[in-house]
Every structure is written in structure tokens, then in C-alpha cells.
Amino acid sequence: MGFTLMGISGLRFCLHLPMLQLFLLFMSFSLAVEALHAFIEDESEHKHYLIVSAVTNLLVNLIGVWFFRNYARINLTYRKAEDMNYHSVFLHVLADSIRSAGLILASWLLSLGVQNAEVLCLGLVSVTVFMLVMPLFKAAGGILLQMAPPSIPSSALSKCLRQISALEDVSEVSQARFWELVPGHVVGSLSIQVKKGTDDRSVLQYVHGLYHELGIQDLTVQTDDV
């Protein structure tokens, strides 16, 4: 039942968070395409009526940035799933604010007679949004691909395996895998072969305590007699 509940939590994470990230990446690429289109078509004449909308949108988004200011760091340490969700919302609002600021800057530069100002500003905004999203995208990708948890050094995991292998009643340790189910929640599984006739309860208690101290909240251990 424990793993069923964790699976539901992980599924919610898989469904909601990547959608925000994909939207941010889509915004970045759409801005790049828009800048390329403006360069090819030589659209040097900016629509000034959009400036009022851009200024209004920027002011509203700045209010949103202020509300989520606690998640303003780009490389934020995610201690729980909510941290990553709120960070995604913050980056979304920030990216939209940067886009509005880019439109305002492009209009000002065009009024000064700067050629291809819109192309330059949209391209700069596209690169900025892409760089803002990539750390979050990599962190979420590591979770969805069930990569090794970055919060626990691989040397510490190897040390635990050596300690278990050194037990008198243990013959072999294999299939050890550890990953983050959701941010801040590390799970794992491994298989242990114990000597025939051994009471594996003491071994299991030792293994669970060992990994719990390391920061692994849920561990599945399969034992076999040899």
C-alpha cells in the first residue's frame, strides 16, 4: 500500500509539472521563431498599440513575481514536490514578464531608429527564458527518468552496500536502485541473498536502519535463501 500511494503522488508529479516546463520551453522556442520571422520579413514597423498591453501585462506579472519571491533562485534546492511546483509557477510569471519587457524595449529602440530592434529583443528574451528553464527541466527530467538522487552521494550508497555485504549472514547484494520519486522523497530497492536457515528479520532491520539514516524514506528489500 505504501508504494501504491507513492506511485499516485509520483503520477501527479509526472502529469502536472512537466506541462509547465514544456510550456516555458515552447514559449522560448516560439519567441525564437517569431524573431526569425521578423528578421526574414523585415518587420521593422512595431505595433505601438501593443505597448499598452505589454506595460499592463508587465505590471501584473511583477505582482506575481513578488508573491513568489521566495522561489526566486534559479537553481533552487527542492526539498519537497511543492517547491518545484511553486518554482515552475514563478519561472512562468518571470518569463512572461521578461517577454513584456522585451516588447517595451523593442518599441523604445525602434523609436530611436534602431534597425531590427524587435528581432534583437525577441532573440534575447528567447535565450534568457531558455536559460532560466533549463535547471528546472534537468531536475524534473532526472526524477522522471529515475536517475540517482543528487541529494545522496554515490560514495555513501556504495559504502552501505559494502557494509551489508560484510554481514556474516549475507551472501550477495544485487539490483540496488535508488531514485527520487518526487522532490525530497528518495526511494530504493535491492535484493539480498542470505545463507540458508538464517532469520532474515535482523538483516532487514539493519538494512532499513542503514538506509534510513542516509535519507532514503522508503526501501523495498527482497531476500532469498541460498
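## A predicted helical and mixed fold: the salt bridge, cores and surface

With a relative accessibility of 40%, D199 falls in the partly exposed class. This residue belongs to a predicted model, and its side chain meets that of R201 in a salt bridge with an N to O distance of 3.1 Å. The partner, R201, has a relative accessibility of 61% and counts as exposed. Side chains of opposite charge can pair when their charged atoms come close. Under the rule applied here, the count for the model is one salt bridge.

### Overall architecture

The protein contains six helices and three strands, and read from the N terminus its elements follow the order α-α-α-α-α-β-β-α-β. Of its 226 residues, 38% are buried. Among contacts with a separation of 6 or more, 73% are between residues that lie 24 or more positions apart. The accessible surface amounts to about 13,400 Å², and carbon and sulfur atoms account for 62% of that area.

### Annotated transmembrane regions

An unreviewed UniProt entry lists residues 48-68, 89-111 and 117-137 under "transmembrane region". The model can be compared with that record for two of these stretches: residues 89-111 are 100% helix and 0% strand, with end C-alpha atoms 34 Å apart, while residues 117-137 are likewise 100% helix and 0% strand, with end C-alpha atoms 30 Å apart.

### Helix α3 and its surroundings

Helix α3 spans residues 81-111 and includes L105, and the same helix also holds Y86 and S97. Is S97 buried or exposed? With a relative accessible area of 4%, S97 is buried, and beyond the residues up to four places away in sequence it touches L58, N61, L62 and V65.

Y86, by comparison, is partly exposed at 39% relative accessibility. Once neighbours within four places in sequence are set aside, Y86 is in contact with F68 and Y71. The C-alpha atom of Y86 is separated by 9.9 Å from that of A72, a residue 14 positions away along the chain.

L105 has a relative accessible area of 37% and is therefore partly exposed. Together with W108, L112 and V114, L105 makes a nonpolar surface patch of about 380 Å².

### Two nonpolar cores

Which members of the largest nonpolar core touch the most other members? This core has 19 residues, and the ones in question are I164, L190, I192, V207, Y211, I216 and L219. At least two residues of the core come from each of α5 (154-165), β1 (170-182), β2 (185-194), α6 (200-214) and β3 (218-225). For I216, the contacts that remain after its neighbours within four places in sequence are left aside are with I152, L157, F178, V186, V187, G188 and Y211; Y211 is thus both a contact of I216 and, like I216, one of the core residues that touch the most other members. A second core, separate from this one, consists of 13 residues, including V65, L76, M84 and F90. V65 is also one of the residues touched by S97.

### Loop residues with positive phi

Two residues that are not glycine deserve a note for their backbone geometry. N116 has a positive phi of about 55° and lies in the loop between α3 and α4, the latter covering residues 117-144. Q146 also has a positive phi of about 55°, and it is found in the loop between α4 and α5. The relative accessible area of N116 is 31%, so N116 is partly exposed, and at 35% Q146 is partly exposed as well.

### Accessibility of the residues discussed

The table gathers the relative accessibility of selected residues.

| Residue | Relative accessibility | Class |
|---|---|---|
| S97 | 4% | buried |
| N116 | 31% | partly exposed |
| Q146 | 35% | partly exposed |
| L105 | 37% | partly exposed |
| Y86 | 39% | partly exposed |
| D199 | 40% | partly exposed |
| R201 | 61% | exposed |

Technical notes
Residues are numbered from 1 along each chain as its sequence is written. This is a predicted model: local features need pLDDT of at least 70, side-chain atom pairs count only at pLDDT 80 or more; totals for chains, interfaces and linings use all residues. Side-chain values use heavy atoms; hydrogens and water are left out. Patches are made of residues with over 30% relative accessible area and no salt bridge: like charges are joined within 9 Å, nonpolar side chains (Val, Leu, Ile, Met, Phe, Trp, Tyr) within 5 Å. Accessible areas come from the Shrake-Rupley method with a 1.4 Å probe; for residues, only the protein chains shown count as cover. A salt bridge is a side-chain nitrogen of Lys or Arg within 4 Å of a carboxyl oxygen of Asp or Glu. Helices (H or I, at least four residues) and strands (E, at least two) are DSSP runs, numbered from the N terminus. Buried means under 20% relative accessible area, exposed over 50%, partly exposed in between (1.4 Å probe, protein chains only). UniProt positions are given in the numbering used here, feature names are shortened, and annotations may be inferred rather than shown by experiment. A nonpolar core is a set of buried Ala, Val, Leu, Ile, Met, Phe, Trp, Tyr and Cys residues joined through side-chain atoms within 4.5 Å. Contact means heavy atoms within 4.5 Å.
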